[in-house]
Amino acid sequence: MTDASDALSWSTAAIRALPAYRQPQTFHDFENPGTRPRLLHLNENPYPPSPMAMAAAIEAMHDVNRYPDIGGRKLAQAVAAHYGVDPSLVILGCGSDELIHFTTVIALEAGDEAVVPAPSFPRYALSTKLAAAKPVRARINKNGACDVDATLRSIGNRTKLVVACTPNPPSGGMMDEAALKALIDGVPENVLLLLDEAYAEFGHHAGGPDALKLLRKRKGPWISTRTFSKAYGLAAMRVGYAICGDATVAEALRRCRLQYNVPTPSQAAAVAALADQAHLKASLDKIAVERKRLTEGLVALGLKTWPSTGNFVSVSLNGPAAPMMTALAKEGILVRDWRDPDYLNELRIGVGTAEDTDAVLAALARLLKGAT
Ligand SMILES: Cc1ncc(COP(=O)(O)O)c(C=O)c1O
């Protein structure tokens with residue numbers, strides 16, 4: 001679409017102000033496995049989910065003539081038991097993406113502000129704009145983690161929502177316990193704090209702090225969003241959940257969430273995946289090995305890497321990352337540049353299988369040699 005603002009004259013100013021939609025390529029764009037590139041651009045899990053999750057989803061197909069359980073009670077109870085929280089504080093979403101969106105809906109009115117980490121998951125700023133509110137960018141720190149001082153400094157009279165993400169994509173940095181505590185204590189009591197923990201399982205596996213323990217001490221409203229898409233390998237099932245700080249926050253999300261947002265087979269798969277912690281651990285172990293090998297290989301190529309505890313590693317190139325992304329795509333490897341005006345030289349590479357690591361390091365070695 002060349003002139004989006006004219007073509008969309010019937011729509012809201014927020015919609016017209018957004019750039020034209022560009023659909024990213026996914027697994028489904030490459031039907032032939034023989035020509036499928038290495039998909040290291042969406043932070044997906046390269047390994048299949050627990051066989052118990054697959055069996056549970058298939059079994060649940062028998063009941064798909066009926067709408068799913070609205071509250072997803074079995075899953076909410078399983079999540080609640082896993083974390084030791086009250087099931088009424090667990091709200092399910094069509095991925096955590098949906099819950100992040102509705103977090104902006106419950107907190108923001110036109111003219112309000114949301115402090116968002118930058119760069120980070122684009123949904124925070126996008127949904128803020130859809131609410132005719134303003135995203136205020138708080139730059140990540142030099143380790144690629146959300147910067148508490150920058151975040152707290154960005155809070156003003158119009159701030160209704162503060163977002164942090166740990167581990168934070170695309171950088172991979174994780175907040176330590178002191179930083180989390182300072183954030184949780186520092187966000188005013190009348191402001192909703194959203195902590196996006198989509199990569200929590202990777203962070204915990206790497207020895208990261210238990211944010212939930214700290215969040216529970218917060219006086220003001222808060223939400224922690226998490227997902228079955230990443231560590232549990234259930235991205236296509238679209239199951240996320242919000243753990244809410246109190247009943248008022250859960251009630252606000254219930255008032256606006258989409259009623260039948262998580263299909264029955266997805267709910268069943270997530271319950272079974274949560275029960276199979278051995279499978280989760282095996283997946284996390286394999287990904288940690290490859291993250292280390294990828295990082296060390298990138299350093300050996302003379303590249304500066306960002307310290308990551310996620311299932312992705314970012315590098316700083318000596319020049320713009322976009323041409324390297326294109327060159328790697330020609331080699332059959334999809335990765336992502338950061339797409340942030342402040343970080344043009346950074347490239348994010350998903351942690352895949354051992355073969356993916358070998359392929360990406362070999363291709364980069366060739367391409368970097370060609371560039372000198
Ligand atoms: C930081 C972060 N939050 C949330 C999501 C949304 O994931 P899902 O909707 O699959 O739960 C993603 C997906 O990449 C992410 O990177």
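In strand β6 of this predicted model, leucine 194 serves as the bridge partner of valine 163. This pairing belongs to a longer contact between two strands, since β5, which covers residues 159–165, and β6, which covers residues 192–196, run in the parallel sense and are joined over 5 bridges. Strands of a sheet pair through backbone hydrogen bonds, and the pairing may be either parallel or antiparallel.

When the whole sheet is considered, 7 strands are found in the order β2-β8-β7-β6-β5-β3-β4, and they form an open sheet whose pairing is mixed. The edges of this sheet are taken by β2 (90–93) and β4 (134–139), each of which pairs on one side only. From one strand to the next, the twist averages 25 degrees. Helix α5, made up of residues 95–107, lies across a set of these strands, namely β2, β3 (113–118), β5, β6, β7 (222–227) and β8 (240–244), and its direction makes an angle of about 160 degrees with that of β7.

Helix α5 also contributes to the surroundings of the ligand, giving 3 residues to the shell, the most of any element. The ligand is surrounded by 13 residues, of which the closest are Gly95, Asp97, Ala198, Thr227 and Ser229. By character, the residues of this shell divide into 5 nonpolar, 6 polar and 2 charged.

Two peptide bonds that precede a proline are of the cis form in the model. One of them leads from alanine 118 to proline 119, with omega near -5 degrees, and proline 119 is placed in the loop between β3 and α6 (123–130). The other joins threonine 166 and proline 167, where omega is about -10 degrees, and proline 167 is found in the loop between β5 and α8 (177–186).

Positive phi values occur at two residues that are not glycines. Alanine 132, in the loop between α6 and β4, has a phi of about 60 degrees, while arginine 238, in the loop between β7 and β8, has a phi near 55 degrees. As to burial, alanine 132 counts as partly exposed because 15 C-beta neighbours lie inside 10 Å, a number that falls between the limit of 12 or fewer for an exposed residue and that of 20 or more for a buried one. Arginine 238, by contrast, counts as buried because it has 20 C-beta neighbours inside 10 Å, and a residue is buried if 20 or more lie within that distance.

Notes:
Residues numbered from 1 in each chain as written. Predicted model: local features only at pLDDT ≥ 70, side-chain atom pairs only at ≥ 80, totals over all residues. Pairing = 2+ DSSP bridges. Helix = DSSP H or I, 4+ residues; strand = E, 2+ residues; numbered from the N terminus. Axes fitted to C-alpha atoms, helices over the stretch in contact; angles between N-to-C directions. Contact = placed C-beta atoms within 7 Å. Near = placed C-beta within 6 Å. Nonpolar A, V, L, I, M, F, W, Y, C, P; charged D, E, K, R; others polar.
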